[in-house]
Amino acid sequence: NHVYDSRNNCNAIIETATNKLVSGCRKTIIPNSVSSIGRGAFGNDTIDLIIIPESITFIDDLAFWGSMTHKDSKIIFKSSIPPTFGKEVFYSKSGTMYVPIGCKETYIMANEECKYFKIVEYENINFADAKVKELCVANWDTNGDGELSKEEAAIVTSLGKIFKGNTEIVSFDELQYFTGLTSINEYAFLDCSNLSSLIIPNSVTSLGVACFRGCWKLQTLTIPNSVTTLNDKIFYDCGIKSITIPQSVKSIGISLFKNCPDLTTIIVEEGNPIYDSRDNCNAIIETSSNTLIASCKNTVIPQTVTTIGEAAFMYCSGLTSIVVPNNVLSIKSEAFRDCFDLTSITLPNTIINIETKTFWGCHVLESIIIPRSVKSIGDYAFGRCLQLKSVIIPSSTTTISSNAFVYCSELTSVTVGN
């Protein structure tokens, strides 16, 4: 047809020479090449959603006469410059009109009919990552315009499993606009192995269990001052290199940095009433109890610490040696479990018990001297220490679990007392 076309499967009739849409329907998608909408183009066909592209510069008389008739009707204008309007373009005026942020009054001045609509100003998010945009639009584009506005992002209350296990996403700094979130739910970004950049919104108060587990390319992350709770294993198997715990954090779970081989710096902000990183120790210490609860391969245990917490060094990749100072009275279960690179540890003459699985899986630890203060060695305390060859146990130790040295296949020398 040399006069009309329906380009781009638009479900409309367009006058080819003038790029004027002369007839449409409720399923019409206006192409970006259309420059005007003709008189009565949408007649009495009730519209659920129509998007007016930036290319439209003129909308003729009665174009949407009788089309915007119910409260759920939506018309979305993409341009900050209103088109020229004819007479009684809308006539029936129900539903919602979306205009770019700051343009409400401009549209009303261009066509007084606009003031009878519910007008919502929006600002679309410019996503750096096309895959992230695709997922966000598919799940949270409430007005159906193929974009996600800051206003749409702000009403999202949970990320669910939308991003879990996705290896295509690379950056999600636009998460900062999701200000309706109060938590990053558990496993939210589990195994997003190529995710390298993300900004947490200031509305978030809690980071869920293992929410960044397996994010190997995530090297830095700023935890906002709104966060009060850090749950278990948040950075398990993560490429994080440094982390700062803000003043606002009041609760921290176990195994926070499990298998973070590149983590070298841990700082707790001055003024945190619950935790500290005294003496530049590169660890997290519970201030009131002097308990070290989280660590990295560069951790130096301060002299003021009295307890090594449960799983505090668990799976601490790159930790080759550690000196436990003399003020430490207790080392909790699994404290050094699966420290595969640990070759040397010095224990103080102050600890009384070596608890369950304290050194389980320390594969390259070759020898250990149990301090004379130790009364008991618990279940699996040195289990799977595959290279452990010699153990010296003092006469003061009265209880050794029957499986304390299970799977220590190289153990050939055990000295007890004298």
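A pocket, as the word is used here, is an open set of grid points with protein on both sides within 12 Å along at least five of seven lines, and its lining residues are those that have an atom within 4 Å of a point. The exercises below apply this to a predicted model.

**Exercise 1.** Describe the largest pocket by its volume, its lining residues and the elements that supply them.

Solution. Begin with the space itself, for which the computed volume is about 210 Å³. Next, turn to the wall: 15 residues line the largest pocket, and those that lie nearest its centre are I267, V268, E270, S277 and R278. Two elements, β18 (265-268) and β19 (275-276), give two or more residues to this lining, and β18 contributes the largest share, namely three residues. Finally, sort the lining by class, which yields five nonpolar, five polar and five charged residues.

**Exercise 2.** Carry out the corresponding description for the second largest pocket, and state how many charged residues its lining has.

Solution. The second largest pocket holds about 180 Å³ of space. Its lining is made of 15 residues, with I345, T346, L347, I368 and I369 nearest the centre. At least two lining residues come from each of β25 (344-346), β27 (367-369) and β29 (390-393). Sorting by class gives nine nonpolar and six polar residues, while no charged residues are found in the lining of this second largest pocket.

**Exercise 3.** Decide whether N166 is buried or exposed, and then place N166 among its surroundings.

Solution. First, locate N166 in the loop that runs between α3 (150-154) and β11 (171-172). The relative accessible area of N166 is 14%, and since buried means under 20%, N166 is therefore counted as buried. Then look for its partners beyond the neighbours within four places in sequence: N166 is in contact with K131, L135, D191, C192 and S193. Within its own loop region, the side chain of N166 reaches the backbone nitrogen of I169 at 3.2 Å.

**Exercise 4.** Which residues of helix α2 are buried, and what covers them?

Solution. Helix α2 spans residues 130-140, and its buried residues are K131, V132, L135, C136, V137 and W140. The cover over these buried residues includes α3 and β11, the two elements that flank the loop of N166; N166 itself touches K131 and L135. At the start of α2, a side-chain oxygen of D129 comes to within 2.9 Å of the backbone nitrogen of K131.

Conventions: Residues numbered from 1 in each chain as written. Predicted model: local features only at pLDDT ≥ 70, side-chain atom pairs only at ≥ 80, totals over all residues. Heavy atoms only, no water. Helix = DSSP H or I, 4+ residues; strand = E, 2+ residues; numbered from the N terminus. Buried < 20%, exposed > 50% of the residue type's maximum accessible area, 1.4 Å probe, protein only. Contact = heavy atoms within 4.5 Å. Polar contact = N/O pair within 3.5 Å; in protein donor to acceptor, adjacent residues only side chain to side chain. 1 Å grid on protein atoms, 1.4 Å probe; cavity = no way out; pocket = protein on both sides within 12 Å on 5 of 7 lines; lining within 4 Å. Points joined across faces, edges and corners; volume = space filled by probe spheres on them. Nonpolar A, V, L, I, M, F, W, Y, C, P; charged D, E, K, R; others polar.
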